[in-house]
Amino acid sequence: QVQLVESGGGLVQPGGSLRLSCAASGSIFSINVMGWYRQAPGKERELVATITGGGSTDYADSMKGLFTISRNNTKNTVYLQMNSLNAEDTAVYYCNAIIRARNSVELLEVWGQGTLVTVSS
């Protein structure tokens, strides 16, 4: 059993910052790509950013320069530093990872339960 658990969401004022964390746990052999997605009310889930095990990153165009993704491979954790937040960033943020479990050759796509970020004054 492999799971992702997010933390760090909450209420923040416009212009503020938040740092999300997502820790993978369970019977893990290796973790390939880790990423963050978000889903705003009434909208489809969209990519925020991804990061490979080697540290290569990719961002949605609208988030470049404002959000920073990073990971700690020793802790199986991925982070999302979000700066200059505005109301349009209000959404449930989901962690995603491609994981190879122990005693398996298959790659699993695993999602976290999501953490709510609300940007409001």
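## Starting at Leu-108

Leave aside the neighbours within four places in sequence, and Leu-108 is in contact with Ala-97, Ile-98, Ile-99 and Ala-101. Keep in mind as you look around that this is a predicted model. Leu-108 itself sits in strand β10, which covers residues 107-111.

Is Leu-108 buried, partly exposed or exposed? It counts as partly exposed, because its relative accessibility is 35%. Now look for Gln-1: it is 107 residues from Leu-108 in sequence, yet the two C-alpha atoms are 11 Å apart in space.

## The nonpolar core

One of the contacts of Leu-108 is Ile-99, and Ile-99 takes us to the largest nonpolar core, which has 33 residues. Ile-99 is among the members that touch the most other members, along with Trp-36, Leu-80, Met-82 and Tyr-93. Plenty of strands chip in: β1 (2-7), β3 (18-26), β4 (28-39), β5 (46-51), β7 (67-72), β8 (77-82), β9 (91-101) and β11 (115-119) each supply at least two residues. Which strand gives the most to this core? That would be β9, with 6 residues. As a general point, nonpolar side chains in soluble globular proteins tend to be buried together.

Tyr-93 is a good one to click on. Not counting neighbours within four places in sequence, its contacts include Trp-36, Leu-80 and Met-82. Its list also has Glu-6, Leu-20, Tyr-37, Arg-38, Val-48 and Phe-67, plus Gly-114, Thr-115 and Val-117.

## Val-117, a contact of Tyr-93

Val-117 belongs to strand β11. With a relative accessibility of 0%, Val-117 counts as buried, because buried means under 20%. Beyond the residues up to four places away in sequence, Val-117 touches Gly-9, Gly-10, Leu-18, Leu-20, Met-82, Asp-89, Thr-90, Ala-91 and Tyr-93.

For a distance to try out yourself, go from Val-117 to Asn-96: they are 21 residues apart along the chain, and their C-alpha atoms are separated by 17 Å.

## A sheet with two edges

Next, find the open sheet of 4 strands, in the order β1-β3-β8-β7, with antiparallel pairing. Why does one side of β1 and of β7 have no neighbour in the sheet? Both strands stand at the edges and have a single partner strand each, so one side is left free of a neighbour. From one strand to the next, the twist averages 15°.

Let's walk across part of it. β1 and β3 run antiparallel and are joined by 6 bridges; Val-2 has Gly-26 in β3 as its bridge partner. β3 and β8 are also paired in the antiparallel sense, over 6 bridges. Here Leu-20 has Leu-80 in β8 as its bridge partner, and Ser-21 stands opposite Tyr-79 in β8. In general, side chains along a regular strand alternate between the two faces of the sheet.

## The disulfide

How many disulfides does a search of the whole structure find? It finds 1. The partners are Cys-22 and Cys-95, with 2.1 Å from S to S. The angle about the S-S bond is -85°, and the link is left-handed. Cys-22 is in strand β3 and Cys-95 in strand β9, so the pair ties together parts 73 residues apart in sequence.

Are these two cysteines buried or exposed? Cys-22 counts as buried because its relative accessibility is 0%, and Cys-95 is buried too, with a relative accessible area of 0%. In general terms, a disulfide is a covalent bond between the sulfur atoms of two cysteines.

Key. Residues numbered from 1 in each chain as written. Predicted model: local features only at pLDDT ≥ 70, side-chain atom pairs only at ≥ 80, totals over all residues. Heavy atoms only, no water. Buried < 20%, exposed > 50% of the residue type's maximum accessible area, 1.4 Å probe, protein only. Contact = heavy atoms within 4.5 Å. Core = buried A, V, L, I, M, F, W, Y, C linked by side-chain atoms within 4.5 Å. Pairing = 2+ DSSP bridges. Axes fitted to C-alpha atoms, helices over the stretch in contact; angles between N-to-C directions. Disulfide = S-S within 2.5 Å.
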